[in-house]
Amino acid sequence: MSGTPPLPESSKGKVTGAIGKALTTKDIDGHDLPPSPAPSTPQNGRKYALATELVYTESNDQYNASSVPIYQSATFKQNSATGGNEEYDYTRSGNPTRTHLERHLAKIMNANRALVVSSGMGCLDVITRLLRPGDEVVTGDDLYGGTNRLLKYLSTHGDIIVHHVDTTNPEAVRKVVTSKTALVLLESPTNPLLKITDIPAVASISHELNPSVIVAVDNTMLSPLLQNPLDLGADIVYESGTKYLSGHHDLMAGVIAINNPAIGERLFFTINASGCGLSPFDSWLLLRGVKTLGVRMEKQQSNAHHIATFLESHGFKVRYPGLKSHPQYDLHWSMARGAGAVLSFETGDVNVSERIVESARLWAISVSFGCVNSLISMPCRMSHASIDEKTRKERELPEDLIRLCVGIEDVGDLVDDLSRALVQAGAVNITPDGFRALGAGHTLDEESVIQAESESSKGVETPAE
Ligand SMILES: Cc1ncc(COP(=O)(O)O)c(C=O)c1O
Ligand SMILES: N[C@@H](CCSC[C@H](N)C(=O)O)C(=O)O
């Protein structure tokens, strides 16, 4: 994958020509972007706050449609047999609704170019097609299960060497990056242990040791509202649009964003060649979902902070970068504008955890996150079940871990339902003041207890049923 080799011959011609021509179109920030039937960015030369940019789309549509039309067409007629001047010919290669979404996301992700595909895993598939046999990948020891599965497949069948190291320690990355390293792949926060990687430090170490390394960051756990890895030194950022970006669990999507046009062209080549570009209808749904990202995330985060504080103040070991007790709290806030709405906690007993999950009513037992509805899951049995038990143990992924993905419901209802589930599952000791976690009791220092209790009491009271 070293350097950015020229485009394959087969990618040249009509489609690449259209994109090549498009790259001469600049937006108000000077970004080169493909053309669009609706430019997405306000054309008055002003850059607005992200909350405004999320909502704002400008249309060149012939009827001035307020909502970007769904171009539900596989083909586009050409003016002549030789063609060549039309922007679109076939939806696998490009579609106006998809282009509009891509421009909108490029703007939001502070990127030169964004590409949308059929899922988050589709993004990683496209990115790893940049690898060649013998290339090495450096990545974390806490990763989404599907990411781990694809990397394992590539190392077993694709002659790719994958190093899993503790990326929370940049020096551990330094030890394994060599001239053979083609890709450094990071999550921060990680799914499901919410570990934080110093993206600027790891990116700079990687580039210093091997300038042709591509540093890619999976930003799914935060969304562009809260973190922009391209601004932190990453070469590629991708995320599952199935999560926060869309927010309603009604579509699957993935977004890849880049600043380097040559990398963008190589990724586009794979998307067109393999046919994983997002469909017009899902592009439209995702564009609609993105508009409410700001308000959804604000409510989800505030609920998540409340729930994390509630659990911690009752003695559970909680992992959430919004809590001062998080070991990398300062590092996280040096890179991000929020902590997101995913947290995890331990009970000390797998059976107790299973009972808690099954006792919850409002919290749906479901994989995924970023949705307006609150979800509860056991990663080792669900989202991360594809990582074998031995590896989970080596990587210290607790089997009793419960992951909460907090939605926009009334926080008092969420706390009530969780309290009832904790009591019903026998996870807590009832005390005169309420209850305390039974197992894996997390001992906070005195100052943290006082802070957690006062924050917890700010919201709705949390009596057990
Ligand atoms: C951190 C992370 N990255 C990527 C993915 C893959 O996304 P998708 O399900 O849209 O393929 C997921 C979840 O599925 C995830 O949690
Ligand atoms: N059966 C699926 C599980 C998807 S997990 C989705 C999401 N990333 C999460 O973390 O919950 C699979 O095997 O991929």
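**Figure 1. Confidence across the predicted model.** The chain of this predicted model has an average pLDDT of 88, and 84% of its residues reach at least 70. Residues 31-38 have a pLDDT below 50. This stretch, 31-38, nevertheless makes 35 contacts in the model beyond near neighbours in sequence. Residues 440-445 also have a pLDDT below 50, with 13 contacts in the model beyond near neighbours in sequence. Where pLDDT is low, the predicted coordinates should not be read in detail. The scores for the model are ipTM 0.98 and pTM 0.88.

**Figure 2. Overall build of the chain.** The chain contains 15 helices and 14 strands. Of its 465 residues, 51% are buried. Taking contacts between residues at least 6 apart in sequence, 71% link residues at least 24 apart.

**Figure 3. The contact between domain 1 and domain 2.** The domain assignment divides the chain into domain 1 (9-292) and domain 2 (294-458). Domain 1 brings 31 residues to the contact and domain 2 brings 33 residues. On the side of domain 1 that touches domain 2, α2 (50-55) and α5 each supply at least two residues. The most comes from α5, which gives 4 residues to that side of domain 1. Sorted by class, the side of domain 1 that touches domain 2 holds 15 nonpolar, 11 polar and 5 charged residues.

**Figure 4. The shell around ligand 1.** The shell has 15 residues, and those that come nearest to ligand 1 are Ser119, Gly120, Met121, Ser240 and Thr242. Two elements, α4 (120-128) and α5 (145-157), give two or more residues each to the shell around ligand 1. By class, 4 residues of this shell are nonpolar, 9 are polar and 2 are charged. Helix α5 thus appears in two views: in the shell around ligand 1 and on the side of domain 1 that touches domain 2.

**Figure 5. The shell around ligand 2.** Tyr144, Gly146, Asn191, Val367, Ser368, Phe369, Ser383 and Ser386 surround ligand 2. By class, this shell has 3 nonpolar and 5 polar residues, and no charged ones. Ligand 2 lies between domain 1 (9-292) and domain 2 (294-458), because both domains give residues to its shell. Two of the residues around ligand 2, Ser368 and Phe369, are also in contact with Lys243.

**Figure 6. Lys243 and its contacts.** The UniProt annotation, from an unreviewed entry, marks Lys243 as "modified residue: N6-(pyridoxal phosphate)lysine". Lys243 sits in the loop between β6 (236-240) and β7 (254-258). Is Lys243 buried or exposed? Lys243 has 24 C-beta neighbours inside 10 Å, and a residue with 20 or more counts as buried, so Lys243 is buried. Leaving out residues up to four places away in sequence, Lys243 touches Thr220, Ser368, Phe369 and Gly370.

**Figure 7. The loop between β4 and α7.** Most residues other than glycine have a negative phi, and most peptide bonds are trans. The bond joining Ser188 and Pro189 is a cis peptide bond, with omega about 0 degrees. Pro189 is in the loop between β4 (181-187) and α7 (199-209). A cis peptide bond also runs from Asn191 to Pro192, where omega is near 15 degrees. Pro192 is placed in the loop between β4 and α7. Asn191 belongs to the shell around ligand 2 as well. Leu194 has a positive phi, near 55 degrees, and is not a glycine. The loop between β4 and α7 holds Leu194 too. Leu194 counts as buried because 27 other C-beta atoms lie within 10 Å.

**Figure 8. Ser368 and its backbone.** Ser368 lies in the loop between β10 (364-365) and β11 (375-377). Its phi is positive, about 80 degrees, although Ser368 is not a glycine. With 16 other C-beta atoms within 10 Å, Ser368 is partly exposed, because this class lies between 12 or fewer for exposed and 20 or more for buried. Ser368 is one of the residues around ligand 2 and one of the residues that Lys243 touches.

How values were computed: Residues are numbered from 1 along each chain as its sequence is written. Chains are lettered from A and ligands numbered from 1 in the order in which they are written. This is a predicted model: local features need pLDDT of at least 70, side-chain atom pairs count only at pLDDT 80 or more; totals for chains, interfaces and linings use all residues. A residue is near a molecule or strand if its C-beta atom, placed from the backbone, lies within 6 Å of it. Ala, Val, Leu, Ile, Met, Phe, Trp, Tyr, Cys and Pro count as nonpolar, Asp, Glu, Lys and Arg as charged, and the others, Gly among them, as polar. Domain bounds come from an automatic or database domain assignment. Two residues are in contact if their C-beta atoms, placed from the backbone, lie within 7 Å. pLDDT is the predictor's confidence in each residue, from 0 to 100. UniProt positions are given in the numbering used here, feature names are shortened, and annotations may be inferred rather than shown by experiment.
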